[in-house]
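Here are some notes to read beside the model. Please keep the structure open while going through them.

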Amino acid sequence: MTLRSLLASTGLLLGAISPMAQADTLRLGIGEWATGQASTYVLKAVLEDAGHEVEIRSVSLAAIWQGLSVGELDAFTGAWLPVTQASYRASVGDKVEDLGPNLSDARVGLAVPSYVEASSIADLAEAGDAFDRRIHGIDPGAGIMALTEQAMAAYGLDDWRLVAGSDAAMSKTLEAATERQDPIVVTAWAPHPVFSGQSLRYLEDPQGLYSQEESIHTITRLGLAEEMPEAAAILDRFAWSADDVQELMEANQANGEYEANARAWVEAHPELVAEWLGERLEESPSEED
């Protein structure tokens, strides 16, 4: 698909909502990966509790960035920077507002189960038969997939195949392979539930193509702070850690009930939610008072 046709389809997809609905509803873009699902549904619950109508739109990563740049989406909490989604960020220039990191302790790369002998991406070229010359990835528009294509060329893996799919499909393929103790390489990022469910380790990246110090940023359209200041302030204050999100991602992977799991998480973390709302929880009076 050409860039022109991609943007045209993006416009058709995002423009399906009436102008009145766009003005009254906060539109959050979401990608089909674990961290984005967790953060988007948690913020939906928080924003709704604050009195805002929220609509979640699941579209491609390219459509999310384009939608933000033309004002057809309001916010996105899954921007992996400075490396993974660098090309998308560069494509919109100053047409979006970067509110900064909402999660700082992140990392991307290629990972293998602990029983695999390879320790570096450079080792894969001579071990193609063991891995069936495949790297198992996620949706083809994801930033980590573009990085992996670059890594395959840089490390001499031209005869390998990068298998595209979904986050869930990659996780299931990894789980099945580890049960059989089969060698497997996957595109990986942390935080992610696969790192708690299996014993994985990143392959060393001597050429430094993947970032070991990624952050996940919140991006909004221009003008949101002026038009919806309370919602924009909540988005700006939203920040959590890998530990905060890990249990939620595991629940999402187990049952796929993103909205219900997010609601339960919000109710279990009132102090953190209060910070996002710009509130301070009053301490309960002691027995001596």
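1. Strands here are DSSP runs of E of at least two residues, numbered from the N terminus. On that basis strand β5 covers residues 134–136, and His 136 belongs to β5. The protein as a whole has 13 helices and 9 strands.

2. This is a predicted model, so confidence comes before detail. The average pLDDT is 87, and 88% of the residues reach at least 70. Two stretches need caution. Over residues 1–22 pLDDT stays under 50, yet the model has 22 contacts beyond four places in sequence for them. Over residues 283–289 pLDDT is also under 50, and there the model has 0 such contacts. Where pLDDT is low, predicted coordinates should not be read in detail. I would treat the contacts of residues 1–22 in that light.

3. Now the overall packing. Of the 289 residues, 47% count as buried. Among contacts with a separation of 6 or more, 79% join residues 24 or more positions apart. The accessible surface is about 13900 Å², and carbon and sulfur atoms hold 49% of that surface.

4. Which residues touch the most other members of the largest nonpolar core? They are Val 42, Trp 65, Leu 124, Val 185, Trp 240, Trp 265 and Trp 276, out of 84 residues in that core. Helix α3 (residues 34–49) gives the largest share, 8 residues. In soluble globular proteins, nonpolar side chains tend to be buried together.

5. Leu 124 is worth a look. Beyond four places in sequence, Leu 124 is in contact with Ala 118, Phe 131, Leu 157, Trp 160, Val 185 and Leu 203. Val 185 is also on the list of core residues that touch the most other members.

6. Back to His 136. Is His 136 buried or exposed? His 136 is buried, because its relative accessible area is 16%, and the cut-off is under 20%. Leaving out residues up to four places away in sequence, His 136 touches Val 163, Met 170, Thr 173, Ile 184, Val 185, Val 186 and Thr 187.

7. Met 170 leads to helix α7, where Met 170 is one of the buried residues. The others listed are Asp 167, Ser 171, Leu 174, Ala 177 and Thr 178. Seen down the axis of α7, these buried residues fall within an arc of 130°, so they line one face of the helix. Lys 172, Glu 179 and Arg 180 are exposed on the other side of α7. An α-helix has 3.6 residues a turn, so residues three or four places apart point the same way.

8. Helix α7 (residues 167–180) has 14 residues and reaches 20 Å from first C-alpha to last, close to the 20 Å expected. Gln 181 follows α7, with a positive phi near 60°.

9. Helix α11 (residues 242–255) also checks out. Its 14 residues should span 20 Å at 1.5 Å a residue, and the end C-alpha atoms are 20 Å apart, which agrees. Buried in α11 are Ala 242, Val 245, Gln 246, Leu 248, Met 249 and Asn 252. After α11 comes Gly 256, whose phi is positive, near 70°.

10. Thr 35 sits in helix α3. Thr 35 is buried, with a relative accessible area of 6%. Thr 35 touches Trp 80, Trp 189, Pro 191, Ile 216 and Met 249, not counting residues up to four places away in sequence. Thr 35 and Pro 191 lie 156 residues apart in sequence, but 7.1 Å apart from C-alpha to C-alpha. Met 249 is in turn a buried residue of α11.

Note on methods: Residues are numbered from 1 along each chain as its sequence is written. This is a predicted model: local features need pLDDT of at least 70, side-chain atom pairs count only at pLDDT 80 or more; totals for chains, interfaces and linings use all residues. Side-chain values use heavy atoms; hydrogens and water are left out. A nonpolar core is a set of buried Ala, Val, Leu, Ile, Met, Phe, Trp, Tyr and Cys residues joined through side-chain atoms within 4.5 Å. Buried means under 20% relative accessible area, exposed over 50%, partly exposed in between (1.4 Å probe, protein chains only). Helices (H or I, at least four residues) and strands (E, at least two) are DSSP runs, numbered from the N terminus. Contact means heavy atoms within 4.5 Å. Accessible areas come from the Shrake-Rupley method with a 1.4 Å probe; for residues, only the protein chains shown count as cover. The expected span of a helix is 1.5 Å times one less than its number of residues. pLDDT is the predictor's confidence in each residue, from 0 to 100. The arc is that of the directions from the helix axis to the C-beta atoms.
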